[in-house]
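Work through the exercises below with the sequence and the structure in view. Each task is followed by a worked solution.

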Amino acid sequence: MTDPQDTPEADERATPSTEKSAPVDRAENGPFDASEANPIRPYIDIGGIKVLPRDGLNLRLEVEENTQRIVAVGLDYAGSTLQVQPFASPRSSGLWHETREQIRAQVSQQGGRVEEREGPLGPELLAEVPAAAAADASAGRRVVRFVGVDGPRWFLRGVIGGDGASSAEAAEKVEDLFRSIVVVRGAAPMPPRDLIPLTMPQTPGS
């Protein structure tokens, strides 16, 4: 009897692909590299990313307590939440395939459930995870979507919660928000998987 671990499928699963994962129209419709962004649009500059303002959008910075470093940007929009993080990546390979395997393992360790599916941005994970505030079982679970796009020398990860994780109409709005983001990788050398530095928001003219 053949050991499942010896099958080609098992080998492929054990060694995630290093190919880039991105919509075919990424350069035209985002998420954008800084070299592709429209220079006259009034972006909010947060260092490693730029966000295009829109009605009803609220922006939050997630700060690491010990270092006071900004580690993620939270965007609340149209009943959905979107957490984004930009990372440095190699020029010729991507991080999303490997990152999905890491997320899958983390969710399982937390007692959650996860399934992979093909979404408008490419492969994504739909997960049911214990609520963050769950000090007791009554706090329940929440559904989130993990999305990711590999760009030129960067990788943008997003976590979608709220209506955007379960409603098709809300999902379309938050996906459009994700695709409007500009990643500013910069020219300085950075190890792959390092978080591209985020800064306090600067609006045009400030």
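## Exercises on a predicted model

Residues 24 or more positions apart account for 59% of the contacts in the protein chain with a separation of 6 or more. The model is a predicted one.

**Exercise 1. State how many helices and strands the protein chain has, and what share of its residues is buried.**

Solution. Step one: count the elements, which gives 4 helices and 12 strands. Step two: take the 206 residues of the chain, of which 42% are buried. Step three: turn to the surface. Its accessible area is about 11,300 Å², and carbon and sulfur atoms hold 50% of it.

**Exercise 2. Give the strand order of the open sheet of 7 strands, and explain why one side of E4 and of E7 has no neighbour in the sheet.**

Solution. Step one: read the order, E4-E5-E6-E10-E9-E8-E7, where the pairing is antiparallel. Step two: look at the edges, where strand E4 (58–63) and strand E7 (113–119) stand. Each has a single partner strand, so one side of each is left without a neighbour in the sheet. Step three: add the twist, which averages 25° from one strand to the next. Step four: examine one pair inside this order. E6 and E10 are joined in the antiparallel sense by 9 bridges, and Thr-81 has Gly-161 in E10 as its bridge partner.

**Exercise 3. Find which strands are touched by H4, and which strands helix H3 lies across.**

Solution. Step one: follow H4, which packs on the sheet and touches E5, E6, E9 and E10. The direction of H4 makes about 30° with that of E6. Step two: follow helix H3, residues 96–109, which lies across E7, E8, E9 and E10. Helix H3 runs at about 15° to strand E8 (122–130).

**Exercise 4. Identify which residues touch the most other members of the largest nonpolar core, and which element gives the most to this core.**

Solution. Step one: list the residues. The core has 24 members, and those touching the most others are Ile-49, Leu-75, Leu-82, Val-84, Leu-156 and Phe-178. Step two: trace the elements. Those supplying at least two residues each include strand E3 (49–51), strand E6 (80–88) and helix H4 (168–179). E5 gives the most, with 4 residues. Step three: set apart another core, of 14 residues, which includes Trp-96, Leu-125, Val-144 and Leu-195. Step four: inspect Ile-49. Beyond residues up to four places away in sequence, its contacts include Val-73, Val-84, Leu-156 and Leu-198.

**Exercise 5. Decide whether Ser-80 is buried or exposed, and do the same for Gln-68.**

Solution. Step one: place Ser-80, which belongs to strand E6. Its relative accessible area is 4%; buried means under 20%, so Ser-80 is buried. Among the residues that Ser-80 touches are Leu-75, Gly-161, Ala-170 and Val-174. Step two: place Gln-68 in the loop between E4 and E5. At 57% relative accessible area, Gln-68 is exposed, because the cut-off for exposed is over 50%.

**Exercise 6. Where are the residues Gln-68, Ala-78 and Pro-31 found, and what is notable in their backbone?**

Solution. Step one: return to Gln-68, in the loop between E4 and E5, which has a positive phi of about 60° although it is not a glycine. Step two: go to Ala-78, in the loop between E5 and E6. Ala-78 is not a glycine either, and its phi is positive at about 50°; with 35% relative accessibility, Ala-78 counts as partly exposed. Step three: find Pro-31 in the loop between helix H2 (26–29) and strand E1 (32–33). The peptide bond joining Gly-30 and Pro-31 is cis, with omega about -5°.

Key
Residues numbered from 1 in each chain as written. Predicted model: local features only at pLDDT ≥ 70, side-chain atom pairs only at ≥ 80, totals over all residues. Heavy atoms only, no water. Buried < 20%, exposed > 50% of the residue type's maximum accessible area, 1.4 Å probe, protein only. Contact = heavy atoms within 4.5 Å. Areas by Shrake-Rupley, 256 points an atom, 1.4 Å probe, with all protein chains shown as cover. Core = buried A, V, L, I, M, F, W, Y, C linked by side-chain atoms within 4.5 Å. Pairing = 2+ DSSP bridges. Axes fitted to C-alpha atoms, helices over the stretch in contact; angles between N-to-C directions.
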